[in-house]
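Biologist: Could you pick one spot in the backbone for a close look, and then work outwards from there? I'd like to know what is around it and how the rest of the model fits in.

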Amino acid sequence: MLKTGHRIIFIAILAIVGCSQEQQKETEAVAQEVTLVETIVAVGDSLTAGFGLDENQSYPAVLEGKLRAAGYPYQVINGGVSGETSSGTLSRMEWILTLEPDIVILEIGVNDGLRGVDPQVTEDNIRQMLRLLEESEVEVVFVGMKMVRNLGPGYVSRFNRIYPGLAEEFDVVFFPFFLEGVAMVSELNQSDGVHPNAKGYAIIVENMYSYVVEVIERSPKL
Amino acid sequence: MNLRFLLREIAHSKSQSVVFVLCVALSLISIVAVNSLRRDVNSSIMSDARSLHGGDIIVHSHYEYSPGLKTEIVAVLANGTVQAVQTWEFYSVARREDGRESLLSNIKVVQDGYPFYGQVLLQSGRPFSSVLLPGKVVVAGALLKRLGLAVGDSLRLGEADLEIADVVLSESLRPVDFFNFGPRILVSAADLNRLDLVSKGSRVHYRTLLRLEDENQISTVALRLQERSARSQERVTTFANTESRVKRFFDNLLFFLSLISVFTLLLAGIGMQSSLAALLRRKEKTFAMTRSLGASGFFLTFHYLLLVMVLSCIGWALGIGSGFMVERNFSHLFGGLLPAQIDLGVSALDILEGIGLGVLAVLFFTYLPLSGIKKVKPSAIFRKETDYSLRGGRSWGLFGCGLLLLFWLVIYQLEDVRIGLYFIGGFLVLVAFTALLVSGMLFALSHIKTTSLSLRQAVRSLLQPGNATRSIVVTLASSLAVLLTIFLVEHNLFDTYINSYPKDAPSLFCLDIQKNQQKDFVELVGADTELFPVIRARLTSINGKKISRQDELKKRGDSLAREFNLTYRESLLEDEVFLQGKSLFPEQNIRAGIIPVSILDTVADMGDIKMADVLLFNVQGVLLKAQVSSIRSRTKSMLYPFFYYVFPEKYLRTAPQTFFAAMHVEKEMIPQLENDIVNRFPNVSTINVSETAAELGKIMLKLSTIITFFASFSILAGALILVSSILATRMARVREAVYYKILGAGARFVLQVFLFENCLLALLSGGCAIVLGQFGSWAVCSLLLDIDYNPHWKASVVLLVGTVVLVLTLGVVSSYSIIRRKPASFLREQLS
């Protein structure tokens, strides 16, 4: 990756807001303290946002703790938006790229399924996202999703085929199922039966960790 | 007891007697009607609660039941006195048999016997249980339109092809759902396995409805099930403890009606007091003469108490009878609003309660005038009116007891000690304020310098000692203030809840419209459709203080810790007003480099956020510091789109966003438009709220009729007070007219003085009423009901003009005969 300069959120704010000189100095002082941190942006829906939990219990926060403990100087920004469909995520890719991420963890599509959106639409959207990330030379951990059975066999099989197919097409690191070992286990989910609880997120991070490390390790900068 | 004496007295004071009887009747009509209705509604709602929930006990879960709960349900069913039906509810994609079209639908699979209580109403009118047979489905009308199917066609659901047997019109078990992503399909449990949609990996809402033969066992059985359930995932409720929106709605409505009926009772009570005082004043000379002939004070008081009781009995009979007639006709008035199975009727308790309340009201409000009778001395033949005010510890003690009883009555009627005490406190404060205000105004009046003799005489007449000006103005002003308050509160409630559901309220919402789809979308749905940008973000701190999710969870209602929808625009929405600030983003007061943000009053209250506070947002990983530049409020209802946080466009234009549209589309056109939208923009989700909006509109219109109907009793009571006040001072006017004439004044001069006097009286009363009414209404709306306040100044003007016209008309009409009379005949009458 050829990115240079600070990879911290304040730069993006300054770009958007157009801060005054004084404030620029102020923020730069703060920025010095975290300059050397690499950035992972966790992009996704409520499963990434940590719906119903404190932000520090969501998987991006837990993952950041685990990476730091292992000596990887990464911050993991939570870019999850509850209720978002793949169309919404696609529309904000530009914004996500302003964060200048080294790595993006892309988890999206489940709300498309729960709203019965045509799987072809979901596939096209995710394909465009992966293309944009590829063009921006951002490393990706692509997270697979499986649709609930009650949507019907035709819909479920079309939906579930999206993820492995795209992973192969773009040759990205593929974490096959975000909720592996967590989905439908009542002890690991909140009472709505959909969103993991803190215990569930701990398992998700365990499952995901090796894929993230794989991407970090193959990153040319480290 | 002298019966002839009583009849003669009534016949001689016809107008006062009629006003008194009407006041007694009015005091009871609305109270009896509302109380009786409340009892009927309460008992009916308890039985309707079963229909709303479909069973006596309901077990809910999003997972298969835990082994403990399963075993317990089997054990409960084993004794044979409990029956159960299970339902499975989930979303799935329904298809035409030919596979051409598909639609996300809300599926409910039900076992035989569903529902135990309530009903599923079908288009054909056939019973639900005879239609939903294995191999068949019952669907919502919208599904047929969206998929282009008809009854009798086949529908593919999961692995099964099922025949559409009927169309569901309504389900008593389905509460109003605003945001539903698909139309309903009801399926027989016999087909559950064929569907192959419910198994591990499915997201399903499992429910078991239980019906118990022995009602007394409901709580015990519910407790048993609850103890064996997995608390974090399973919920056991009974029909009685499940919060019912219907019950809450009626509780609020009946409370407001109770409030109006108590107001009416108090106004009618003042009317009673005032009309009886008028009647007794007229009789003052008669009392004096009777006393001089040897009758005791007790004799007179006893006879007039009897007179009051005779008149009251007529009033009670009229009041209770009319109250029941009103209640009987509630089915017309409340048509479509009352629970379907309500049994409107009169019970012995209603009658007893009505009589009890009536006696109490009459005793309290007639005590003061009646207690004055014994104070009339024989010498009153030669004097002016007797002072009726309270003297002596015993009188005050009795009056105090009466007051306490009245307080009890108000609390009993409102069924809430705290609100009852507020009400009483408010009423006492109202009277005290009125008295203070009237004193101030009379003082100001006494210092007015004028060259007009008739105006000077009018002022002097109002201010002369012994004239009842102060008490009349206090009575009139208090009553008018209460009437104005009812009117203003009612209209402000309408503005907030009723006028905000106009016919053109949005009926179709579209979510997730993308930036690059804006132009095409507007082209498809119509150029007048506004698209609202939506940017998801979290509020992380206020003035540097972090938002704590734990603290927010403890609060009732909305939480600051959730994700919010931000938007950008440069002007107010049509239904917004500024509470603070004159524009959305005024440049002054905003710190350099910080983005201005306009917030809605709702969120300002939630977080105690003030102007110039600094808010830190996390917009999907990017921190955004903003300073509050204005606070807005809304004038419409929840059906219109609204945004807590509005930013200037330049700062969020590039932020990740989707667009949201709220449109009004005729109900019949919606399915076709939904198809067009989804075909052209498959990522866009549509939500059809036409049914809900239409239903809400109808309910609100009904509510407005009911409240106006009950408020009209208060208005009638107010008019009676006005009439009785004029009658009360008639004698004084006659005397004044005579004196003026003896002193050489012409009829024109006397008329002028009366006109000025009446006009001043009306202006004083009306003026005080407006000051107090506006203040009281603002307090009720802003502090108690928490709704926006509109002063409706036109109503105040109408009240003032109306009072002046009415007082002048009544005053002049009642004085006209006096003015034309020769003084000598009056003096002869007085001395004979």
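Modeller: First, a bit of vocabulary: helices (H or I, at least four residues) and strands (E, at least two) are DSSP runs, numbered from the N terminus. With that in hand, the spot I'd pick is Pro115(B), which sits in the loop between strand 3 (102-110) and strand 4 (120-122) of chain B. The peptide bond that joins Tyr114(B) to Pro115(B) is cis, with omega about -10°.

Before we move on, keep in mind that this is a predicted model: local features need pLDDT of at least 70 and side-chain atom pairs count only at pLDDT 80 or more, while totals for chains, interfaces and linings use all residues. Residues are numbered from 1 along each chain as its sequence is written, and chains are lettered from A and ligands numbered from 1 in the order in which they are written.

Why pick out a bond like that? Most peptide bonds are trans, and most residues other than glycine have a negative phi. The phi half of that gives us two more places to look. Asp608(B) has a positive phi of about 50° although it is not a glycine. You'll find Asp608(B) in the loop between helix 19 (601-607) and strand 17 (614-619) of chain B. Asp608(B) has 8 other C-beta atoms within 10 Å, so it is exposed (that takes 12 or fewer; 20 or more makes a residue buried, anything in between is partly exposed, and the C-beta atoms are placed from the backbone). Over in chain A, Met184(A) also has a positive phi without being a glycine, near 65°. Met184(A) lies in the loop between strand 5 (173-175) and helix 10 of chain A. Its count is 18 C-beta neighbours inside 10 Å, so Met184(A) is partly exposed.

Stepping back to chain B as a whole, we have 26 helices and 21 strands. Of its 832 residues, 40% are buried. If you take the contacts (C-beta atoms, placed from the backbone, within 7 Å) in chain B with a separation of 6 or more, 84% of them are between residues 24 or more positions apart. Phe487(B) shows what a long reach along the sequence looks like. This residue belongs to helix 16 (residues 469-498) of chain B, and its C-alpha atom is 9.9 Å from that of Ser714(B), 227 residues away along the chain. Phe487(B) counts as buried because it has 21 C-beta neighbours inside 10 Å.

Now for chain A. This chain has 10 helices and five strands, and 46% of its 222 residues are buried. For residues at least 6 apart in sequence, 72% of the contacts in chain A link residues at least 24 apart.

Where do the two chains meet? The contact draws 44 residues from chain B and 42 residues from chain A. On the chain B side, strand 2 (82-96) and strand 18 (622-634) each put in at least two residues. Strand 2 of chain B gives the most to that side, with four residues. Sorted by class, the chain B side has 19 nonpolar, 17 polar and eight charged residues (nonpolar means Ala, Val, Leu, Ile, Met, Phe, Trp, Tyr, Cys and Pro; charged means Asp, Glu, Lys and Arg; the others, Gly among them, are polar).

Arg549(B) is worth a stop here. You'll see this arginine in helix 18 (residues 549-554) of chain B. Leaving out residues up to four places away in sequence, Arg549(B) touches Asp54(A) and Ala561(B). The C-alpha atoms of Arg549(B) and Ser559(B), 10 residues apart along the chain, are 8.2 Å from each other. Since 17 other C-beta atoms lie within 10 Å, Arg549(B) is partly exposed.

Last stop, the insides. A nonpolar core here is a set of buried Ala, Val, Leu, Ile, Met, Phe, Trp, Tyr and Cys residues joined through C-beta atoms within 7 Å. The largest one holds 125 residues, and within it Val104(A) and Val137(B) touch the most other members. Helix 10 (residues 198-218) of chain A contributes the most to this core, with six residues. A second, separate core has 99 residues, among them Val24(B), Ala361(B), Leu480(B) and Val750(B). As for Val137(B), if you set aside neighbours within four places in sequence, its contacts are Leu155(B), Leu162(B), Ile164(B), Ala165(B), Ile185(B), Leu186(B) and Val187(B).

Definitions and conventions
Contact = placed C-beta atoms within 7 Å.
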